[in-house]
Amino acid sequence: MDHALDITLSVNGVQVSRRVAPRVHLVDFLRDELGLTGSHIGCEHGVCGACTVRVNGEIVRGCLMLAVQADGCNVETIEGISDSGEARDLQKAFHEKNALQCGFCTPGMLMAAQDLVLKNIKPTREEIREHISGNYCRCTGYQAIVDAIEEVIQAEVVHGKG
Amino acid sequence: MKAPSFAYAKPRTLAEALELLARHGEGARILAGGQSLIPSLNMRLSSPEILIDITGLPGLNEIRSSGKSVKIGALVTHSQIEKSAEIKKHVPLLAQAVPHIAHAAIRNRGTLGGSLALADPAAEYPACAVALQATIVISNTKGERRVKAENFFQGLFETDLKQGEILTAAEFPSGGKSAFLELTRRHGDYAIIGLAAHESRCVFFNAGPRPVLVSMRKSLDETKAAAMKELDPPADLYNSSATKKHLAGVLLERAWTTLSTSH
Amino acid sequence: MGKAELPLHAPGTKVDRGYIGQSVPRPNAARLLQGRGTFIDDLRFPRLAHVAFFRSPYAHARIKKLQFEKAIKSPGVIAVFDGPKVAEYCTPWVAVLAHLKGIKSPPQHAIAIERACWQGEAVAAVVAESRSQAEDAVQLIEAEWEELPVVVDMEESLQGKQVIHPDFTDNVCFKREHDTGGVDEAFAKADVVVEETFHFGRHTGVCLEGRAILADYNAAEHSLTVYHATQAPHMMQDIFSRHLGIPEGNVRVIAKDVGGSFGIKVHVYPDEMATAAISVILRRPVKFVADRLESFLSDIHAREHRVKVRLAATKAGEILAFDMDDLTAIGPYSVYPRTSGIEGNQVVNLTGGPYRHQKYRGKLNVVFTNKNVTCQYRAVGHPIAVALTEGIVDLAAQKLGMDPAEFRRKNLIPDDAYPYTFPSGIKFEKLSHLRTLDKLLGLMNYKSLREEQKHLRAKKIYRGIGLAAMIEVTNPSPAFYGVGGARISAQDGATIRLEPTGMITVMCSVTEQGQGTEGIFAQIAASAVGVSMDKVKVITGDTGVTPYGGGTWASRGAGIGGEAVLQAGRALRSNILDVAAAILKMDKQELDLSGNKVINRLTQETKMPLEELGRVAYFRPDTLPMDFQSELTVTRHYTPRQYGFTFTNGIQGSLVEVDPDTGFVRLLKHWCVEDSGTVINPMLADEQLRGGVVQGIGAALYEECLYSPDGQMLNGNMADYLVPMSAEMPDIVCAHVETPTMQSQLGAKGIGEAGTAGAPAAVMNAVNDALAPLNARVTAMPFTPERILRALGKV
């Protein structure tokens with residue numbers, strides 16, 4: 001491989017070391033090299049949000065970050081926040097309100113939603129819509145997604161997590 | 001759309017970075033947040049030989065206020081600017097502009113330096129920099145030089161940055177009244193047209209290849225007339241030049257009340 | 001007629017709809033929520049090769065020379081193919097149907113030979129070890145072109161000065177004229193005649209998952225397995241078989257999780273056919289996934305129409321006639337196998353749909369252009385027909401000084417007029433236009449919205465209220481495609497098997513792309529058999545497993561697939577009770593199945609759990625009577641027969657606020673009342689409406705494929721082609737009226753496309769209602785700020 005570099009990073013809490021070409025973006029690395037196919041590719045221009053993952057605690061577009069830039073970083077994907085239970089409340093609310101249809105936008109949408117939940121604020125519906133306005137969904141019309149996020153945040157507030 | 005092949009280096013010091021730039025010349029591109037560079041690579045719009053990742057350079061990701069001005073390092077992300085109490089207090093125009101930049105996931109990576117160096121006519125920061133009379137700080141092998149924002153932005157994606165130089169910071173004067181307005185079809189989109197105004201300086205963006213400065217006159221009508229004369233925005237896919245001009249006038253009207261009380 | 005009873009038990013017992021009508025969360029959503037679904041691009045195969053295509057940069061050009069020497073030597077490259085090579089393995093096709101009289105289209109190859117006819121048409125294929133390497137090699141292909149004249153404008157195409165295809169004398173793919181007679185007389189005697197020309201922007205599906213196919217040819221068996229993000233696996237099985245020369249039974253098509261389709265993924269794409277052919281040539285699995293840029297250039301586009309319409313009415317407000325002239329621009333080929341004539345044909349069939357006028361003339365011209373190909377996309381033709389109808393109806397109401405709701409009320413086909421034959425020839429079983437109108441006006445609080453509008457207008461705040469009544473084609477019979485000679489099945493089947501532990505497996509030929517097909521089949525099967533939802537597994541999308549059928553399109557999943565599942569479920573229940581009777585030595589009439597148990601029907605006492613019955617039937621049949629054989633796998637099929645199409649009706653309302661300074665439209669709220677017969681899962685049905693409405697809003701305000709005069713697509717990327725995102729969308733209120741169809745036991749009609757069919761019209765009418773006091777009107781979708789500012793005279 002031309003120009004390949006060795007990187008070591010933590011992915012969903014597990015240390016991984018790989019040799020990777022600089023041109024490979026993070027989501028291709030996660031999908032092809034590590035088999036973590038839960039993060040999806042929708043545009044590779046950074047607009048649709050399907051590839052949204054978390055790096056060092058912040059949501060990023062996996063298609064706009066090179067895998068080599070993730071050297072030394074802590075990367076979390078949908079598989080990670082599912083298995084750890086972090087996304088449980090959101091996933092339950094999404095399921096009950098059918099805040100997904102084909103599921104292709106869902107991992108990215110959950111990442112963006114969880115980012116909002118973690119902010120510990122009380123957003124209005126409009127603010128929820130604004131926060132997920134970088135995640136394209138063609139199926140649901142967005143309303144059920146807003147409903148699900150709203151419900152989780154309200155429950156957190158009631159239970160004193162907010 | 002997979003990027004073409006390129007090499008990658010992550011220098012640990014500014015000197016190392018400048019040396020790499022000198023060595024590779026036009027074959028090198030600077031990588032910071034990558035939010036504009038990487039999509040262009042994915043679309044094969046450019047094929048550099050090597051990306052020089054400057055995110056490892058020390059001291060470039062700080063926000064330092066010193067009474068009269070705030071110095072923001074080139075690697076400060078939009079997200080950091082959004083969260084900064086100092087910027088909100090001392091350079092409110094930037095705080096007003098930043099929520100309009102794309103979406104959270106982009107803002108977590110995109111940098112001030114990257115945005116200024118790219119000089120996309122639709123970007124928010126260049127217009128803010130011109131409105132605030134900011135100073136752009138540039139490093140090269142000879143040391144550091146400073147350029148006034150007004151002179152830094154020279155044309156379509158064209159700045160005063162020379163081959164082999166790195167934008168390392170921008171200094172923004174503190175205080176003053178400001179207003180920021182942007183018209184977009186959808187939240188987070190590039191502006192159809194926007195207005196960054198500070199004191200008597202109204203700067204329109206996406207109204208031409210570089211930010212367009214229109215000074216406030218005594219009345220709204222006079223200012224608007226001056227703006228209509230000076231503005232000649234290029235049409236885009238959806239908006240004719242006449243439409244953009246009209247919208248610029250609307251933005252000016254809407255910002256007027258905020259601005260005129262400080263005039 | 002009242003609501004159909006749903007006897008899920010043997011006759012004489014109490015009626016229990018089970019899960020039908022309940023908003024049950026979808027079982028198959030769980031894996032999608034954890035990123036553990038399986039989309040085609042997630043599959044890993046040994047020796048998997050990747051295809052990238054060299055696509056024509058020109059809208060129309062002769063391919064003079066293609067040189068592959070450099071490309072072949074590029075790292076990782078396995079092979080490079082041109083059109084003639086692929087044609088040795090894949091025969092061309094012509095997309096015509098016998099019932100679209102006179103339709104014509106030239107043959108189309110998997111990879112273009114001699115001539116590229118649209119920018120983005122695949123002209124060569126590179127196969128490599130990775131997609132990156134394939135793309136590297138594509139850049140090394142050297143091509144010499146001879147540019148040919150480009151036809152882009154539809155009016156110019158119709159005039160035919162420049163004919164695209166040398167074998168034709170014009171650019172007309174299909175034309176049709178329907179005339180009831182008496183139209184000119186009706187217009188002559190009318191008190192009011194209104195006329196308008198509407199333009200509809202070409203747009204495209206933008207499914208988040210790009211088109212995806214992984215073809216795996218096994219040379220030893222001469223068999224082909226295709227993992228395909230398709231809506232119609234059996235149709236594709238037939239097509240791969242015929243065009244690649246592989247016996248039908250040796251072709252297996254498997255649709256895994258599909259990331260949205262909306263009709264985009266029901267068509268035959270040359271690059272996908274090429275991928276399958278390449279697998280045969282190379283004797284190894286080959287994958288192609290369309291990236292976003294090539295999706296914009298090669299996924300089907302739709303809906304580019306210019307329609308002139310006139311309406312004649314009496315001064316009392318009675319509509320006498322519609323007269324419509326539709327010109328629509330498709331690409332250079334009619335798309336296979338459904339043809340690109342259907343969308344326009346639907347516009348002719350559906351114009352004026354909800355109303356009781358008797359006179360109608362509809363004229364259609366479908367013309368070739370050198371832009372991307374077009375074909376069926378969600379709500380096919382309805383968005384056009386509903387918008388032009390409801391737009392001209394509003395104009396007539398305005399001219400007559402009548403409230404738009406009351407003008408509609410006066411003219412909608414009455415709820416007791418059925419069955420009814422409409423002037424275009426289509427037949428309605430039973431609709432509920434007036435009931436849905438009343439329900440909508442109630443939900444909207446229409447009167448107070450009008451009062452508020454008046455009040456705000458005085459303050460120079462311009463709100464608009466728009467209505468759109470509609471009819472919609474669902475559950476089509478073979479009248480749609482089969483009669484034209486297409487090997488597209490309008491019947492579907494479901495097999496249900498009782499497993500030894502008491503679970504049931506449902507295998508149905510209708511497919512899932514997220515709308516909830518598998519969910520509703522589980523609900524129906526559980527209810528029909530008498531088990532709980534957690535005991536049900538559903539398998540769809542695999543031609544090697546399910547009965548033969550049509551898949552998903554034209555809103556047929558619930559009505560046709562659901563009916564097959566219901567009938568299979570009932571038959572299985574009956575067979576299970578036969579076994580129970582044999583085991584228990586009781587009369588079958590005394591028994592029933594409920595909640596996973598065989599029970600005494602009268603006393604409700606548990607007689608045996610289903611898993612015990614399964615154990616005996618499968619492992620201890622020696623304990624059963626000598627002449628008794630359990631049949632615990634049952635298959636039933638269903639075809640709608642009485643009506644060519646099962647029409648539904650609905651009505652939508654939109655509330656907008658237009659900023660007269662910026663031309664921006666703010667969507668305040670949207671309402672949708674739909675009658676789709678029996679609603680199986682209200683939550684899923686509502687969301688189909690909402691998702692459809694948002695797509696329709698995209699058409700009305702945001703989406704348009706823009707082309708230069710030389711046929712270059714100008715906005716083929718996600719930044720420049722504007723799809724609806726969450727911040728600008730309104731909350732959408734949904735409600736239902738249920739008029740079941742009598743053609744099936746389930747009584748379900750379709751709902752998948754209704755939202756998209758009516759939303760553009762509702763939003764257009766709302767925008768024009770907002771602009772009315774300013775004497776402005778817009779008629780060209782999408783209604784961008786510039787178009788609104790132009791109408792207002794501000795630019």
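Mentor: Buried area is the accessible area (1.4 Å probe) that two parts lose on being put together, summed over both. The model is predicted: local features need pLDDT of at least 70, side-chain atom pairs count only at pLDDT 80 or more, and totals for chains, interfaces and linings use all residues. Residues are numbered from 1 along each chain as its sequence is written, chains are lettered from A and ligands numbered from 1 in the order in which they are written, and side-chain values use heavy atoms, with hydrogens and water left out.

Trainee: Into which domains is chain C divided?

Mentor: Domain bounds come from an automatic or database domain assignment. Two of the domains of chain C are built from two stretches of sequence each. They are domain 1 (45-148 + 206-298), domain 2 (301-478 + 642-791) and domain 3 (491-638).

Trainee: What area is buried between domain 2 of chain C and domain 3 of chain C?

Mentor: The C-alpha centres of domain 2 and domain 3 of chain C are 40 Å apart. Contact (heavy atoms within 4.5 Å) involves 20 residues of domain 2 and 18 of domain 3 in chain C. Carbon and sulfur atoms give 55% of the area buried between these two domains of chain C, and the total is about 1500 Å².

Trainee: Which three residues supply 35% of the area that domain 2 of chain C buries against domain 3 of chain C?

Mentor: No other three residues on the domain 2 side of chain C supply more of that area. They are C:Ile680, C:Gln745 and C:Leu746.

Trainee: Which element of chain C gives the largest share of the domain 2 side that touches domain 3?

Mentor: A salt bridge is a side-chain nitrogen of Lys or Arg within 4 Å of a carboxyl oxygen of Asp or Glu, and the count between domain 2 and domain 3 of chain C is zero. Helices (H or I, at least four residues) and strands (E, at least two) are DSSP runs, numbered from the N terminus. Strand E20 (462-474) and helix H18 (682-702) of chain C each supply at least two residues of that side of domain 2. The largest share, three residues, comes from E20(C).

Trainee: How far apart are the centres of domain 1 of chain A and domain 2 of chain A?

Mentor: Chain A is divided into domain 1 (5-81) and domain 2 (85-158). In chain A, 16 residues of domain 1 are in contact with 17 residues of domain 2. The C-alpha centres of these two domains of chain A are separated by 22 Å.

Trainee: Which residues of domain 1 of chain A lose the most area to domain 2 of chain A?

Mentor: The two domains of chain A bury about 1300 Å² between them, with 61% of it on carbon and sulfur atoms. Three residues together give 40% of what the domain 1 side of chain A buries: A:Ile59, A:Ile78 and A:Ile81.

Trainee: Which residue forms a salt bridge with A:Arg54?

Mentor: The count between domain 1 and domain 2 of chain A is one salt bridge. In the salt bridge of A:Arg54, the closest N and O atoms are 2.7 Å apart, and the partner is A:Glu86.

Trainee: What area is buried between chain B and chain C?

Mentor: Chain B has 22 residues in contact with 35 residues of chain C. Carbon and sulfur atoms give 59% of the area buried between chain B and chain C, which comes to about 2500 Å².

Trainee: Which three residues supply 34% of the area that chain B buries against chain C?

Mentor: No other three residues supply more of the area on the chain B side. The three are B:Arg185, B:Arg186 and B:Tyr238.

Trainee: Which residue of chain C meets B:Arg44 in a salt bridge?

Mentor: Between chain B and chain C the count is four salt bridges. In one of them, the side chain of B:Arg44 comes to 3.5 Å (N to O) from that of C:Glu135.

Trainee: Why is helix H8 of chain B largely enclosed by the rest of the structure?

Mentor: Buried means under 20% relative accessible area, exposed over 50%, and partly exposed in between (1.4 Å probe, protein chains only). In H8(B), B:Tyr125, B:Cys128 and B:Val130 are among the buried residues. Helix H8 (residues 124-131) of chain B is largely enclosed because the number of its eight residues that are buried is eight.
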